[in-house]
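Let's take a friendly walk through this structure together, one region at a time. Keep the sequence and the 3D view open side by side as you read.

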Amino acid sequence: MGTQLHGEYKVHGGKLVVVDLDVAEGRLANVSVSGDFFLEPDDALGDINAALTGLSADLPAQDLAEAVTAGLDDGVVLFGFSAQAVAIAVRRALAKASSWLDHDWDIIAPTVLPTAVNVALDEVLAEEVGAGRRNPTLRFWDWDEPSVVIGSFQSVRNELDPAGVEKYGINVVRRISGGGAMFMEAGNCITYSLYLPQGLVDGLSFEDSYKFLDSWVMAALESIGVQAFYVPLNDIATDQGKIGGAAQKRFSNGAMLHHVTMSYDIDADKMVQVLRIGKEKLSDKGTRSAKKRVDPLRRQTGLSRTDILARMAGTFTARYNATPSELTAGELAEAARRVEGKFGTQAWLNRIP
């Protein structure tokens, strides 16, 4: 018999799950689950192996997880891992799911571009990754005009105050992902986009995929004294307040966009004149003031925006062996075409008036 297939998955905030297995006639065989987790009673490990043995190697992670759960008695307790974690490790052993280090990562340094071009590049680069023409990539944004980027499903009139938009010369752009509005002046935010194959988050719930894809940035923030955490679904916070939010978009070609904006030095007085931030949105945030919801990283760290960006890029590079990259002339030209035909048009901006 040849070498067994081997898969590993480290639970976010939990333990390592390892699966070794064979595939015989399209089905799982000789399954052995191990790891540094805790399991009570300990003979339930045999039940997990038995539940997986004989299953089709083509099953999705959700079905594998359900099989594991069905194979366990009601009194079994899993500490530091879950049936879902076992399923992900199985999928990785079968090469149907991947880990960070299975990919060659590129990293693009901040490049000042019009906000509409930044938004268009999210669509272009995700498609390029899905088509195999670009490595999975981390790109840091930069811009110089005051802007608001609204979520794909937000209403223009409900999110923006026309008087504030006109007063401050705000450029309004709609992006392709959901989530809330981003108030962006030059140097006031840190924004990055990840373009990746969906196989990297295979088996993860939408909520868990946010935490998983931002584990590197949480480590970077911790290294500069910021203890950040996720508030489901997509807010990033510290004990001093919200510092940012994330959004995602999945593409039919197997690619995925995950992007984050964190406040560095936001003018909260101006922000609340530009954005309509109503009581309902604040109702589950534990605060009456929109200003209190945006706590700048500058105050929490005392570092320059450039220094924080460098720490983030350095952390990502060290963890995932990322290589410096640049936007190609072709990618920029395609983004410009999409600004002209989509992202810069009133039809796209006002598709939800």
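Let's begin at the end of a helix. Directly after helix 3, Ala95 adopts a positive phi of about 65°. That is a positive value in a residue other than glycine. Please keep in mind throughout that this is a predicted model. Ala95 sits in the loop that runs between helix 3 (83–93) and strand 6 (106–112). Is Ala95 buried or exposed? With a relative accessible area of 69%, Ala95 is exposed, because the cut-off for that word is over 50%.

Now step back into helix 3 itself. Here 10 of the 11 residues are buried, so the helix is largely enclosed by the rest of the structure. The buried residues include Ala83, Ala85, Val86, Ala87 and Ile88, and Ala89, Val90, Arg91, Arg92 and Ala93 are also among them. Note that two arginines, Arg91 and Arg92, appear in this buried set.

Another positive phi outside glycine turns up at Asn321, where the angle is near 55°. Look for Asn321 in the loop between helix 12 (305–320) and strand 16 (323–325). Asn321 is exposed, with a relative accessible area of 59%.

Next, travel to the start of the chain. Strand 1 (residues 5–10) and strand 2 (residues 16–24) pair in the antiparallel sense, over six bridges. Within this pairing, Gly7 stands opposite Val19 of strand 2. The two strands form a hairpin with five residues between them, and there Gly13 has a positive phi near 75°.

A little further along comes strand 4 (residues 38–40), which holds Phe38. Together with Val77 and Phe79, Phe38 makes a nonpolar surface patch of about 280 Å². At Glu40, the peptide bond leading to Pro41 is cis, with omega near -5°. Pro41 belongs to the loop between strand 4 and helix 1 (44–52).

Where else can you find a cis peptide bond? One joins Pro232 and Leu233, with omega about 0°. Leu233 lies in the loop between strand 12 (229–231) and strand 13 (235–238).

Now for a sheet. Three strands form an open sheet in the order 9-8-10, with mixed pairing. Its edges are strand 9 (171–174) and strand 10 (182–184), each of which pairs on one side only. On average, neighbouring strands of this sheet are turned by 20° against each other, direction ignored. Strand 8 (residues 147–150) pairs with strand 10 in the antiparallel sense over three bridges. To see one pair of partners, find Ser147, whose bridge partner in strand 10 is Met184.

Helix 4 (residues 115–130) packs on this sheet and touches both strand 8 and strand 9. The direction of helix 4 makes about 10° with that of strand 9.

From here you can move on to helix 13 (residues 329–343), where Glu331, Ala335, Arg338, Val339 and Phe343 are buried. What covers these buried residues? The cover includes helix 4 and strand 9, which you have just visited, along with helix 14 (346–349). Helix 4 thus appears twice on this tour: it packs on the sheet, and it helps to cover the buried residues of helix 13.

Note on methods. Residues are numbered from 1 along each chain as its sequence is written. This is a predicted model: local features need pLDDT of at least 70, side-chain atom pairs count only at pLDDT 80 or more; totals for chains, interfaces and linings use all residues. Side-chain values use heavy atoms; hydrogens and water are left out. Two strands pair if DSSP finds at least two bridges between them. Helices (H or I, at least four residues) and strands (E, at least two) are DSSP runs, numbered from the N terminus. Axes are lines fitted to C-alpha atoms, for helices over the stretch in contact, and angles run from 0 to 180 degrees between N-to-C directions. Contact means heavy atoms within 4.5 Å. Buried means under 20% relative accessible area, exposed over 50%, partly exposed in between (1.4 Å probe, protein chains only). Patches are made of residues with over 30% relative accessible area and no salt bridge: like charges are joined within 9 Å, nonpolar side chains (Val, Leu, Ile, Met, Phe, Trp, Tyr) within 5 Å. Accessible areas come from the Shrake-Rupley method with a 1.4 Å probe; for residues, only the protein chains shown count as cover. A salt bridge is a side-chain nitrogen of Lys or Arg within 4 Å of a carboxyl oxygen of Asp or Glu.
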